[in-house]
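Okay, thanks for making room for me this morning. I'd like to walk you through one model, going from the sheet to the pockets and then to a few odd spots in the backbone.

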Amino acid sequence: MSQFNAFWVEKTDDGMTYSVVERSTDDLPPGDVLIRVQYSSVNYKDALSAKGNPGVTRHFPHTPGIDAAGIVEASTAADFNIGDEVLIVGYDLGMNTPGGFGQYVRVPAEWIVKMPAGMSARESMVLGTAGFTAALCVAKLEQMGATPADGPVLVTGASGGVGSVAVALLAKLGFEVVASSGKADKVEYLKSLGAASVVGREELSGENKRPMLAETWAHAVDTVGGEILSNVIKQLKYGGSVAICGLVASPSFSTTVMPFIIRNVNVLGIDSVQLPIKEKRAIWQRLATDLRLTSLDTMTTEVGLSDLSDVIEQIFAGKVTGRTLVNLEK
Ligand SMILES: NC(=O)c1ccc[n+]([C@@H]2O[C@H](COP(=O)([O-])OP(=O)(O)OC[C@H]3O[C@@H](n4cnc5c(N)ncnc54)[C@H](OP(=O)(O)O)[C@@H]3O)[C@@H](O)[C@H]2O)c1
(Lines give C-alpha, C1' and ligand atoms only; values in the text may rest on other atoms or scores of the structure.)
Protein backbone atom coordinates (compact mmCIF):
# COMPACT_ATOMS: atom_id res chain seq x y z
CA MET A 1 0.00 0.00 0.00
CA SER A 2 1.24 3.50 -0.86
CA GLN A 3 -0.10 6.91 0.10
CA PHE A 4 -0.30 9.43 -2.71
CA ASN A 5 -1.67 12.85 -3.65
CA ALA A 6 -4.66 13.30 -5.91
CA PHE A 7 -6.77 16.16 -7.21
CA TRP A 8 -10.17 15.69 -5.59
CA VAL A 9 -13.47 16.91 -7.03
CA GLU A 10 -16.51 16.92 -4.78
CA LYS A 11 -20.11 17.79 -5.58
CA THR A 12 -21.66 19.93 -2.82
CA ASP A 13 -24.87 21.94 -2.45
CA ASP A 14 -22.79 25.02 -3.33
CA GLY A 15 -21.41 23.46 -6.51
CA MET A 16 -18.18 21.65 -7.33
CA THR A 17 -15.21 21.99 -4.95
CA TYR A 18 -11.58 21.20 -5.70
CA SER A 19 -8.70 20.20 -3.41
CA VAL A 20 -5.57 18.07 -3.33
CA VAL A 21 -5.95 15.18 -0.87
CA GLU A 22 -3.95 12.19 0.31
CA ARG A 23 -5.24 8.85 -0.96
CA SER A 24 -4.12 5.25 -0.64
CA THR A 25 -3.55 2.72 -3.41
CA ASP A 26 -6.04 0.58 -1.44
CA ASP A 27 -8.71 3.14 -2.45
CA LEU A 28 -8.17 2.44 -6.15
CA PRO A 29 -10.44 0.00 -7.99
CA PRO A 30 -9.24 -3.54 -8.71
CA GLY A 31 -7.31 -3.97 -11.96
CA ASP A 32 -4.38 -5.74 -13.59
CA VAL A 33 -1.74 -3.02 -13.43
CA LEU A 34 -0.80 -0.42 -10.81
CA ILE A 35 0.99 2.56 -12.36
CA ARG A 36 2.92 5.36 -10.66
CA VAL A 37 1.87 8.37 -12.70
CA GLN A 38 4.63 10.82 -13.66
CA TYR A 39 2.69 13.04 -16.05
CA SER A 40 -0.88 13.65 -17.10
CA SER A 41 -2.42 16.42 -19.17
CA VAL A 42 -5.52 18.59 -19.11
CA ASN A 43 -8.15 18.03 -21.79
CA TYR A 44 -11.51 19.71 -22.36
CA LYS A 45 -13.16 16.50 -21.12
CA ASP A 46 -11.32 16.76 -17.78
CA ALA A 47 -12.85 20.18 -17.33
CA LEU A 48 -16.30 18.73 -18.11
CA SER A 49 -15.71 16.01 -15.51
CA ALA A 50 -14.58 18.54 -12.91
CA LYS A 51 -17.71 20.62 -13.58
CA GLY A 52 -19.87 17.59 -12.79
CA ASN A 53 -21.05 16.90 -16.35
CA PRO A 54 -22.95 13.59 -15.93
CA GLY A 55 -22.16 12.58 -19.52
CA VAL A 56 -18.52 12.31 -18.41
CA THR A 57 -18.57 11.50 -14.68
CA ARG A 58 -21.56 10.20 -12.74
CA HIS A 59 -20.05 9.54 -9.32
CA PHE A 60 -18.32 12.01 -6.99
CA PRO A 61 -16.01 12.57 -5.20
CA HIS A 62 -13.74 11.82 -8.10
CA THR A 63 -10.22 12.27 -9.49
CA PRO A 64 -10.33 13.26 -13.19
CA GLY A 65 -7.50 12.85 -15.70
CA ILE A 66 -8.23 10.95 -18.93
CA ASP A 67 -4.48 10.68 -19.65
CA ALA A 68 -1.63 9.17 -17.64
CA ALA A 69 1.97 8.16 -18.28
CA GLY A 70 4.30 6.52 -15.80
CA ILE A 71 5.95 3.38 -14.48
CA VAL A 72 4.39 -0.02 -13.71
CA GLU A 73 4.66 -0.70 -9.96
CA ALA A 74 2.69 -3.95 -9.81
CA SER A 75 1.17 -6.18 -12.46
CA THR A 76 -0.78 -9.41 -12.73
CA ALA A 77 -0.80 -9.16 -16.54
CA ALA A 78 1.70 -11.18 -18.56
CA ASP A 79 2.32 -8.28 -20.99
CA PHE A 80 3.39 -5.78 -18.32
CA ASN A 81 6.28 -5.99 -15.86
CA ILE A 82 7.39 -3.85 -12.94
CA GLY A 83 9.42 -0.94 -14.29
CA ASP A 84 7.77 -0.80 -17.73
CA GLU A 85 7.12 2.70 -19.04
CA VAL A 86 3.51 2.97 -20.15
CA LEU A 87 0.76 5.40 -21.09
CA ILE A 88 -3.03 5.39 -21.14
CA VAL A 89 -5.45 7.62 -23.02
CA GLY A 90 -9.20 7.23 -22.90
CA TYR A 91 -11.41 4.25 -22.12
CA ASP A 92 -12.89 4.93 -18.67
CA LEU A 93 -9.78 6.53 -17.15
CA GLY A 94 -10.71 9.82 -15.48
CA MET A 95 -14.39 9.35 -16.28
CA ASN A 96 -15.69 6.95 -13.59
CA THR A 97 -12.29 5.37 -12.91
CA PRO A 98 -9.87 7.50 -10.80
CA GLY A 99 -7.66 9.20 -13.37
CA GLY A 100 -4.28 10.68 -14.06
CA PHE A 101 -4.71 13.67 -11.74
CA GLY A 102 -3.60 11.26 -9.02
CA GLN A 103 -0.08 9.92 -8.47
CA TYR A 104 -1.29 6.32 -8.90
CA VAL A 105 -3.87 4.64 -11.17
CA ARG A 106 -4.90 0.99 -11.37
CA VAL A 107 -6.33 -0.15 -14.72
CA PRO A 108 -7.05 -3.18 -16.93
CA ALA A 109 -4.10 -4.28 -19.05
CA GLU A 110 -6.09 -3.80 -22.25
CA TRP A 111 -6.18 -0.02 -21.70
CA ILE A 112 -2.38 0.29 -21.64
CA VAL A 113 0.06 1.31 -24.39
CA LYS A 114 3.77 0.54 -23.88
CA MET A 115 5.75 3.75 -24.25
CA PRO A 116 7.05 3.78 -27.84
CA ALA A 117 10.86 3.66 -28.12
CA GLY A 118 12.32 7.15 -28.12
CA MET A 119 9.26 8.81 -26.57
CA SER A 120 9.43 10.06 -22.97
CA ALA A 121 6.54 10.09 -20.52
CA ARG A 122 6.66 13.88 -20.65
CA GLU A 123 6.43 14.02 -24.45
CA SER A 124 3.60 11.50 -24.50
CA MET A 125 1.55 13.62 -22.12
CA VAL A 126 2.27 16.90 -23.91
CA LEU A 127 0.46 15.11 -26.73
CA GLY A 128 -2.05 13.30 -24.49
CA THR A 129 -5.59 12.65 -25.70
CA ALA A 130 -5.64 15.95 -27.60
CA GLY A 131 -2.50 15.15 -29.59
CA PHE A 132 -3.56 11.56 -30.09
CA THR A 133 -6.92 12.78 -31.42
CA ALA A 134 -5.22 15.22 -33.77
CA ALA A 135 -3.16 12.30 -35.10
CA LEU A 136 -6.36 10.25 -35.58
CA CYS A 137 -7.84 13.12 -37.61
CA VAL A 138 -4.72 13.30 -39.78
CA ALA A 139 -4.59 9.52 -40.23
CA LYS A 140 -8.25 9.41 -41.30
CA LEU A 141 -7.71 12.21 -43.81
CA GLU A 142 -4.76 10.22 -45.16
CA GLN A 143 -6.98 7.12 -45.42
CA MET A 144 -9.34 9.19 -47.58
CA GLY A 145 -6.39 9.89 -49.85
CA ALA A 146 -5.68 13.48 -48.76
CA THR A 147 -2.35 14.84 -49.99
CA PRO A 148 -0.70 18.27 -49.82
CA ALA A 149 -1.38 18.70 -53.56
CA ASP A 150 -5.12 18.88 -52.80
CA GLY A 151 -4.85 22.44 -51.42
CA PRO A 152 -5.31 24.21 -48.06
CA VAL A 153 -6.43 22.32 -44.98
CA LEU A 154 -8.39 24.26 -42.34
CA VAL A 155 -8.00 23.58 -38.61
CA THR A 156 -10.69 25.13 -36.35
CA GLY A 157 -10.14 25.89 -32.66
CA ALA A 158 -6.54 25.97 -33.78
CA SER A 159 -4.94 27.41 -30.64
CA GLY A 160 -6.51 24.70 -28.45
CA GLY A 161 -4.94 21.34 -27.61
CA VAL A 162 -6.27 19.26 -30.51
CA GLY A 163 -5.98 22.23 -32.85
CA SER A 164 -2.35 23.05 -32.00
CA VAL A 165 -1.18 19.48 -32.56
CA ALA A 166 -3.28 19.14 -35.75
CA VAL A 167 -1.67 22.31 -37.16
CA ALA A 168 1.81 21.00 -36.35
CA LEU A 169 1.18 17.48 -37.71
CA LEU A 170 -0.38 18.65 -40.97
CA ALA A 171 2.42 21.17 -41.52
CA LYS A 172 5.01 18.46 -40.83
CA LEU A 173 3.38 16.32 -43.54
CA GLY A 174 3.66 19.19 -46.02
CA PHE A 175 0.06 20.44 -46.07
CA GLU A 176 -0.73 24.14 -46.40
CA VAL A 177 -2.45 24.70 -43.06
CA VAL A 178 -4.93 27.52 -42.45
CA ALA A 179 -5.59 27.95 -38.74
CA SER A 180 -8.92 29.37 -37.54
CA SER A 181 -8.70 30.99 -34.13
CA GLY A 182 -10.72 33.27 -31.89
CA LYS A 183 -7.49 34.60 -30.34
CA ALA A 184 -6.14 37.54 -32.35
CA ASP A 185 -2.92 37.52 -30.31
CA LYS A 186 -2.08 33.89 -31.25
CA VAL A 187 -1.22 34.46 -34.91
CA GLU A 188 2.54 34.20 -34.31
CA TYR A 189 2.07 31.16 -32.08
CA LEU A 190 0.07 29.37 -34.80
CA LYS A 191 2.60 30.30 -37.47
CA SER A 192 5.40 28.97 -35.27
CA LEU A 193 3.57 25.62 -35.25
CA GLY A 194 3.48 25.63 -39.05
CA ALA A 195 0.28 27.44 -40.05
CA ALA A 196 0.69 29.18 -43.42
CA SER A 197 -2.05 31.66 -42.51
CA VAL A 198 -4.60 32.39 -39.81
CA VAL A 199 -8.27 33.36 -40.19
CA GLY A 200 -10.40 34.85 -37.41
CA ARG A 201 -13.05 32.58 -35.94
CA GLU A 202 -15.72 35.18 -36.80
CA GLU A 203 -15.02 34.74 -40.53
CA LEU A 204 -16.35 31.19 -40.30
CA SER A 205 -19.17 31.94 -37.83
CA GLY A 206 -22.76 32.99 -38.44
CA GLU A 207 -25.71 31.19 -39.91
CA ASN A 208 -25.80 31.06 -43.70
CA LYS A 209 -28.90 29.64 -45.38
CA ARG A 210 -27.18 28.83 -48.68
CA PRO A 211 -26.65 25.07 -49.12
CA MET A 212 -23.10 25.55 -50.40
CA LEU A 213 -20.51 28.33 -50.34
CA ALA A 214 -17.41 29.02 -52.43
CA GLU A 215 -15.06 26.03 -52.53
CA THR A 216 -12.26 27.03 -50.16
CA TRP A 217 -10.79 24.11 -48.20
CA ALA A 218 -9.39 20.89 -49.63
CA HIS A 219 -9.94 19.28 -46.23
CA ALA A 220 -10.49 20.30 -42.61
CA VAL A 221 -10.04 19.23 -39.00
CA ASP A 222 -12.91 20.58 -36.90
CA THR A 223 -12.66 20.72 -33.12
CA VAL A 224 -15.59 23.07 -32.45
CA GLY A 225 -18.83 21.92 -34.16
CA GLY A 226 -21.81 24.28 -34.45
CA GLU A 227 -22.19 26.96 -37.13
CA ILE A 228 -18.49 26.88 -37.91
CA LEU A 229 -18.68 23.21 -38.86
CA SER A 230 -21.87 23.86 -40.89
CA ASN A 231 -20.02 26.55 -42.85
CA VAL A 232 -16.87 24.45 -43.27
CA ILE A 233 -18.89 21.61 -44.85
CA LYS A 234 -20.39 24.11 -47.30
CA GLN A 235 -16.89 25.39 -48.17
CA LEU A 236 -15.19 22.04 -48.80
CA LYS A 237 -13.79 21.61 -52.29
CA TYR A 238 -15.03 18.80 -54.50
CA GLY A 239 -14.09 15.45 -52.89
CA GLY A 240 -12.87 17.08 -49.68
CA SER A 241 -13.17 15.64 -46.17
CA VAL A 242 -13.63 17.13 -42.71
CA ALA A 243 -12.56 15.09 -39.68
CA ILE A 244 -14.84 16.09 -36.80
CA CYS A 245 -13.86 15.51 -33.20
CA GLY A 246 -15.13 18.32 -30.98
CA LEU A 247 -18.03 20.37 -29.71
CA VAL A 248 -16.67 23.40 -27.84
CA ALA A 249 -18.98 25.70 -29.84
CA SER A 250 -21.91 23.28 -30.10
CA PRO A 251 -22.62 19.57 -30.53
CA SER A 252 -25.09 20.45 -33.32
CA PHE A 253 -24.53 21.40 -36.91
CA SER A 254 -26.82 21.77 -39.88
CA THR A 255 -26.44 20.93 -43.51
CA THR A 256 -28.46 19.87 -46.49
CA VAL A 257 -27.46 16.87 -48.54
CA MET A 258 -26.17 19.21 -51.27
CA PRO A 259 -22.45 19.32 -50.36
CA PHE A 260 -22.48 15.51 -50.23
CA ILE A 261 -24.36 14.82 -53.48
CA ILE A 262 -23.01 17.74 -55.53
CA ARG A 263 -19.46 18.05 -54.21
CA ASN A 264 -18.83 14.48 -53.10
CA VAL A 265 -17.56 15.64 -49.68
CA ASN A 266 -17.07 13.45 -46.61
CA VAL A 267 -17.63 13.87 -42.90
CA LEU A 268 -15.26 11.66 -40.91
CA GLY A 269 -16.08 10.79 -37.30
CA ILE A 270 -13.21 10.62 -34.82
CA ASP A 271 -13.32 8.84 -31.44
CA SER A 272 -10.22 8.58 -29.30
CA VAL A 273 -11.88 6.93 -26.31
CA GLN A 274 -13.13 3.48 -27.28
CA LEU A 275 -10.81 2.95 -30.25
CA PRO A 276 -9.50 -0.65 -30.08
CA ILE A 277 -6.15 -0.82 -28.26
CA LYS A 278 -4.36 -2.26 -31.31
CA GLU A 279 -5.22 0.88 -33.29
CA LYS A 280 -4.27 3.13 -30.36
CA ARG A 281 -0.86 1.47 -30.12
CA ALA A 282 -0.30 1.91 -33.88
CA ILE A 283 -1.06 5.64 -33.74
CA TRP A 284 1.26 6.11 -30.74
CA GLN A 285 3.96 4.34 -32.70
CA ARG A 286 3.47 6.84 -35.52
CA LEU A 287 3.61 9.76 -33.06
CA ALA A 288 7.06 8.50 -32.06
CA THR A 289 8.28 8.03 -35.64
CA ASP A 290 6.90 9.56 -38.85
CA LEU A 291 4.55 11.91 -36.96
CA ARG A 292 7.14 12.89 -34.35
CA LEU A 293 6.93 16.63 -33.56
CA THR A 294 9.81 18.88 -32.59
CA SER A 295 7.53 21.80 -31.65
CA LEU A 296 6.06 20.30 -28.47
CA ASP A 297 7.77 22.74 -26.10
CA THR A 298 6.24 25.69 -27.99
CA MET A 299 2.76 24.50 -27.13
CA THR A 300 3.33 23.36 -23.51
CA THR A 301 2.46 24.91 -20.16
CA GLU A 302 3.46 22.76 -17.18
CA VAL A 303 1.40 22.75 -13.97
CA GLY A 304 1.10 20.77 -10.74
CA LEU A 305 -1.98 19.33 -9.02
CA SER A 306 -2.57 22.50 -7.00
CA ASP A 307 -2.86 24.56 -10.21
CA LEU A 308 -5.64 22.44 -11.73
CA SER A 309 -8.63 24.37 -10.36
CA ASP A 310 -7.40 27.52 -12.14
CA VAL A 311 -6.75 25.64 -15.38
CA ILE A 312 -10.30 24.25 -15.38
CA GLU A 313 -11.75 27.76 -15.16
CA GLN A 314 -9.46 28.96 -17.97
CA ILE A 315 -10.65 26.17 -20.25
CA PHE A 316 -14.28 27.26 -19.93
CA ALA A 317 -13.24 30.87 -20.45
CA GLY A 318 -11.62 29.74 -23.76
CA LYS A 319 -8.29 31.12 -22.53
CA VAL A 320 -6.10 28.03 -22.72
CA THR A 321 -3.52 27.87 -25.48
CA GLY A 322 -1.88 24.62 -26.61
CA ARG A 323 -1.39 21.79 -24.17
CA THR A 324 -1.33 21.84 -20.37
CA LEU A 325 1.01 19.20 -18.98
CA VAL A 326 0.46 18.00 -15.40
CA ASN A 327 3.66 17.06 -13.58
CA LEU A 328 2.63 14.68 -10.80
CA GLU A 329 6.07 14.94 -9.19
CA LYS A 330 5.91 18.74 -8.94
N1 LIG B 1 -13.53 12.85 -30.41
C2 LIG B 1 -12.61 12.65 -29.48
O3 LIG B 1 -12.21 11.52 -29.19
C4 LIG B 1 -12.01 13.84 -28.80
C5 LIG B 1 -10.75 13.78 -28.22
C6 LIG B 1 -10.19 14.95 -27.69
C7 LIG B 1 -10.93 16.12 -27.68
N8 LIG B 1 -12.19 16.11 -28.20
C9 LIG B 1 -12.99 17.33 -28.24
O10 LIG B 1 -12.30 18.26 -29.07
C11 LIG B 1 -12.61 19.58 -28.62
C12 LIG B 1 -11.30 20.34 -28.42
O13 LIG B 1 -10.59 19.75 -27.34
P14 LIG B 1 -9.27 20.45 -26.79
O15 LIG B 1 -8.72 19.56 -25.74
O16 LIG B 1 -8.45 20.88 -27.93
O17 LIG B 1 -9.93 21.76 -26.11
P18 LIG B 1 -9.22 23.15 -25.80
O19 LIG B 1 -7.76 22.97 -25.61
O20 LIG B 1 -10.04 23.78 -24.74
O21 LIG B 1 -9.36 23.96 -27.18
C22 LIG B 1 -10.60 24.33 -27.70
C23 LIG B 1 -10.38 25.53 -28.61
O24 LIG B 1 -11.62 25.81 -29.28
C25 LIG B 1 -11.74 27.21 -29.51
N26 LIG B 1 -12.98 27.67 -28.89
C27 LIG B 1 -13.25 27.83 -27.56
N28 LIG B 1 -14.51 28.24 -27.38
C29 LIG B 1 -15.06 28.32 -28.61
C30 LIG B 1 -16.36 28.69 -29.09
N31 LIG B 1 -17.34 29.05 -28.25
N32 LIG B 1 -16.58 28.67 -30.42
C33 LIG B 1 -15.61 28.30 -31.28
N34 LIG B 1 -14.35 27.95 -30.88
C35 LIG B 1 -14.10 27.95 -29.57
C36 LIG B 1 -10.52 27.86 -28.88
O37 LIG B 1 -9.52 27.98 -29.91
P38 LIG B 1 -9.33 29.33 -30.75
O39 LIG B 1 -9.38 30.45 -29.76
O40 LIG B 1 -8.01 29.17 -31.41
O41 LIG B 1 -10.49 29.42 -31.72
C42 LIG B 1 -10.05 26.83 -27.88
O43 LIG B 1 -8.69 26.97 -27.60
C44 LIG B 1 -13.45 19.42 -27.36
O45 LIG B 1 -14.81 19.53 -27.70
C46 LIG B 1 -13.15 18.01 -26.91
O47 LIG B 1 -14.19 17.47 -26.14
C48 LIG B 1 -12.75 15.00 -28.75
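Before I get to the sheet, one bit of bookkeeping: when I say two strands pair, I mean that DSSP finds at least two bridges between them. And please keep in mind that what you're looking at is a predicted model.

So, the sheet. Six strands make up an open sheet, paired in the parallel sense, and if you read across you get β10-β9-β8-β11-β12-β13. At the edges sit β10, residues 197-200, and β13, residues 266-269, and each of those pairs on one side only. On average, neighbouring strands here are turned by 20° against each other, ignoring direction.

What packs on this sheet? Helix α2, residues 121-143, does, and it touches β11, β12 and β13. Its direction makes about 150° with that of β11. Then there's helix α6, residues 226-235, which lies across β8, β11, β12 and β13. Against β12, α6 runs at about 150°.

Let me zoom in on one pair. Strand β8, residues 153-155, and strand β9, residues 177-181, are parallel and share three bridges. If you want a register to click on, V155 stands opposite A179 in β9.

A179 comes back when we look at edge strand β10, where V198 sits. Which residues does V198 touch, once you set aside its neighbours within four places in sequence? Those are A179, V187, L190 and K191. V187 is eleven residues away from V198 along the chain, and their C-alpha atoms are separated by 6.3 Å. Is V198 buried, partly exposed or exposed? It has 25% relative accessibility, and buried would need under 20%, so V198 counts as partly exposed.

Now over to some antiparallel pairing. Strand β3, residues 33-42, runs antiparallel to strand β4, residues 67-75, with six bridges joining them. On its other pairing, β4 is joined to strand β5, residues 85-89, by five bridges, again antiparallel. There's a nice residue to follow through here, and that's G70. G70 is the bridge partner of V37, and G70 also stands opposite V86 in β5.

While we're on strands, have a look at T324, which lies in β15. Leaving out neighbours within four places in sequence, T324 is in contact with S41, V42, T301, V303 and V311. Its relative accessible area is 7%, so T324 is buried.

Okay, pockets. How much space is in the largest pocket? About 1200 Å³. There are 48 residues lining it, and the ones closest to its centre are Y44, T223, G246, L247 and V248. Several elements give two or more residues to that lining: α1, α2, α3, β9, α6 and β15. So what's the lining made of, by class? You get 19 nonpolar, 22 polar and seven charged residues.

The second largest pocket has a volume of about 210 Å³. Its lining includes L136, A139, K140 and Q143, and also D271, E279 and R286. Both α2 and α8, residues 277-287, supply at least two residues each. By class, that lining has six nonpolar, two polar and four charged residues.

Last stop, the backbone oddities. As a reminder, most residues other than glycine have a negative phi, and most peptide bonds are trans. Where does this model depart from that? Start with the bond joining F60 and P61, which is cis, with omega about 0°. P61 is in the loop between α1 and β4.

Then there are two residues with positive phi, neither of them glycine. Y91 has a phi near 50°, and you'll find Y91 in the loop between β5 and β6. N264 has a phi near 65°, and N264 lies in the loop between α7 and β13. Are these two buried or partly exposed? Y91 has 9% relative accessibility, so Y91 counts as buried. N264 has 41%, so N264 counts as partly exposed.

That's my tour. Happy to spin the model around if anyone wants another look.

How values were computed
Residues numbered from 1 in each chain as written. Predicted model: local features only at pLDDT ≥ 70, side-chain atom pairs only at ≥ 80, totals over all residues. Heavy atoms only, no water. Helix = DSSP H or I, 4+ residues; strand = E, 2+ residues; numbered from the N terminus. Axes fitted to C-alpha atoms, helices over the stretch in contact; angles between N-to-C directions. Contact = heavy atoms within 4.5 Å. 1 Å grid on protein atoms, 1.4 Å probe; cavity = no way out; pocket = protein on both sides within 12 Å on 5 of 7 lines; lining within 4 Å. Points joined across faces, edges and corners; volume = space filled by probe spheres on them. Nonpolar A, V, L, I, M, F, W, Y, C, P; charged D, E, K, R; others polar. Buried < 20%, exposed > 50% of the residue type's maximum accessible area, 1.4 Å probe, protein only.
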